[in-house]
Amino acid sequence: MATMIAEAPTVDAAEYLLEVVDARKTFPGVVALDNVRLKIRPGTVHALMGENGAGKSTLMKIIAGVYIPDQGEVRLHGRPLDLKGPLDALEAGIAMIHQELNLMPFMTIAENIWIRREPLNAFGLVDHPRMLRMTEALFERLGIDMDPETEVRRLSVAERQMIEIAKAVSYESDVLIMDEPTSALTDREVEHLFRIINDLRAQGKGIIYITHKMDEVFEIADDISVFRDGQFIHAAPASELDSDKIIQLMVGREVTQMFPKQEVPIGEVVLSVKDLSLEGVFENVSFDLRAGEILGIAGLVGSGRTNVAETLFGVTPASGGSIAIDGEETVTSSPHQAMLRGLALLTEDRKETGLFLGLSVIENMEMAVLRDGYTRGPFVEQGRLDHECDTMKALLRVKTPSLDERIGNLSGGNQQKVLIGRWLMTQPRILILDEPTRGIDVGAKAEIHKLISKLAGQGVAVIMISSELPEVLGMSDRILVMHEGRVTGVLDRAEANQVNIMELASTPLTPADA
């Protein structure tokens with residue numbers, strides 16, 4: 001009798017484009033994933049939801065070949081994959097856009113997109129004209145208007161994000177993983193991305209979409225899976241869920257108030273900015289900031305929001321105008337000088353300008369206070385410092401095995417919490433927060449908002465820059481709106497809404513207004 005040999009399933013025979021079966025992954029002291037599963041249908045967008053530390057990024061890195069699971073398997077078109085690295089995943093048809101951007105800053109856009117896949121001429125050298133044509137064709141297909149010969153270091157964070165997306169699409173993969181793809185994009189750029197995603201979905205591709213923005217989930221997702229603490233919790237079509245149900249599944253509790261804005265007494269003017277300018281970047285920015293006030297700053301990417309914050313903190317000296325603290329004119333020519341005057345700045349890009357990825361959690365958290373706050377003579381009061389860092393870890397619910405864990409091993413959201421803790425330890429009087437909840441899950445967002453409101457109640461003056469209009473509207477006493485380096489309006493809380501903010505953010509000043 002002949003032996004029957006089972007045939008491998010064909011592409012058409014597989015109900016799911018991608019499956020993850022009983023995946024488990026541990027790191028020293030942490031079970032990152034505990035026998036989780038995921039099923040992606042062809043031609044769909046599958047949103048993966050969960051708090052920071054839920055295991056989402058770890059699972060995506062397993063699917064993308066970055067991590068090898070301790071047990072379990074990944075199946076593509078019904079066939080098990082043996083992924084030894086990211087190149088194996090790419091060759092199999094899986095591409096990933098990472099949450100933290102990984103482009104080469106001193107290489108051009110075209111060189112970044114086609115790195116290790118450069119077209120060669122007859123002499124075995126890189127065929128640059130052909131590579132430029134390939135990039136232009138890709139950009140035309142995706143509706144991206146950029147010069148392929150521009151060096152990446154000259155691009156904004158949002159522009160770099162679009163290059164990462166273009167690079168992933170260029171692999172023509174069957175599965176595309178997007179980890180927080182809109183974290184640095186404007187509303188207009190998000191619409192552009194969603195058009196690209198819809199085109200890919202129509203081609204039968206499977207999109208795994210990780211985001212903390214609930215409105216995006218219901219706009220773009222077909223299916224939703226929820227993870228919590230490294231475990232699979234629930235999966236369902238998006239039509240069967242709502243935001244309250246998803247949040248409850250994510251955090252294991254109800255989050256009753258996303259923007260817990262307290263009504264607090266507004267005190268005297270702490271910071272007065274008059275006609276502040278930075279040549280070629282912004283000009284004639286003026287505002288007063290009072291104790292206990294939360295001043296939101298809104299504007300599209302390139303409006304100068306972040307540049308104003310950096311100039312106030314002494315990162316870039318102003319070319320004109322004045323800054324006064326408590327009525328006394330001052331020059332913040334360096335961050336250290338600004339800190340001595342009671343300022344603190346949480347920067348927009350934690351990887352580029354905030355974290356020391358090779359150091360531990362505690363070393364990153366204590367960085368801003370070692371010099372001035374926790375020393376006795378030449379000695380560091382390490383016991384008191386350890387206690388304060390541990391208190392801050394508990395306050396912000398930082399998920400880490402210990403304070404000695406390398407911060408690069410933490411999720412992006414937990415890294416952000418460590419940075420917030422760093423600046424809170426300086427006990428600032430003027431706290432500047434540039435995108436404070438970027439990459440943070442909904443449960444933690446509510447906690448950060450509550451903390452900001454509490455600080456305002458204690459008399460701290462807060463400047464909060466955010467691309468998320470609900471956050472600006474929900475937390476601000478007043479909102480300053482910028483367009484192309486100019487202040488186009490200041491709105492009181494009672495009169496502000498998304499429509500008038502966007503009108504001010506997208507409309508230049510007329511000569512009469514200037």
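A residue counts as buried here when its relative accessible area is under 20%. Keep that in mind for the views below, which come from a predicted model.

**View 1. Strand β3, covered on both faces.** Let's start with β3, which spans residues 44–49. Thr 44, His 46 and Leu 48 sit on one side, Val 45, Ala 47 and Met 49 sit on the other, and all of them are buried. That's six of the six residues, so the strand is largely enclosed by the rest of the structure.

**View 2. The strands that pair with β3.** Strand β8 (residues 206–210) pairs with β3 in the parallel sense, over five bridges. Look for Thr 44 opposite Gly 206 in β8. Strand β9 (residues 223–228) also pairs with β3 in the parallel sense, over four bridges. Here, His 46 stands opposite Asp 223 in β9.

**View 3. Strand β6 and its partner β7.** On β6 (residues 94–97), Ile 94 and Met 96 point one way while Ala 95 and Ile 97 point the other way, and all are buried. Four bridges link β6 to β7 (residues 175–179) in a parallel pairing. One spot to find is Ile 97, opposite Met 178 in β7.

**View 4. Helices α4 and α5 crossing.** The axes of α4 (residues 128–142) and α5 (residues 157–170) come within 11 Å and cross at roughly 105°. Angles of 65 to 115 degrees count as roughly perpendicular, so that's what we call α4 relative to α5. At the contact, Leu 138, Phe 139, Arg 141 and Leu 142 of α4 meet Ile 163, Ala 166, Val 169 and Ser 170 of α5. The mix is six nonpolar residues, one polar and one charged.

Conventions. Residues are numbered from 1 along each chain as its sequence is written. This is a predicted model: local features need pLDDT of at least 70, side-chain atom pairs count only at pLDDT 80 or more; totals for chains, interfaces and linings use all residues. Side-chain values use heavy atoms; hydrogens and water are left out. Axes are lines fitted to C-alpha atoms, for helices over the stretch in contact, and angles run from 0 to 180 degrees between N-to-C directions. Helices (H or I, at least four residues) and strands (E, at least two) are DSSP runs, numbered from the N terminus. Angles under 35 degrees count as roughly parallel, over 145 as roughly antiparallel, 65 to 115 as roughly perpendicular and the rest as oblique. Contact means heavy atoms within 4.5 Å. Ala, Val, Leu, Ile, Met, Phe, Trp, Tyr, Cys and Pro count as nonpolar, Asp, Glu, Lys and Arg as charged, and the others, Gly among them, as polar. Buried means under 20% relative accessible area, exposed over 50%, partly exposed in between (1.4 Å probe, protein chains only). Two strands pair if DSSP finds at least two bridges between them.
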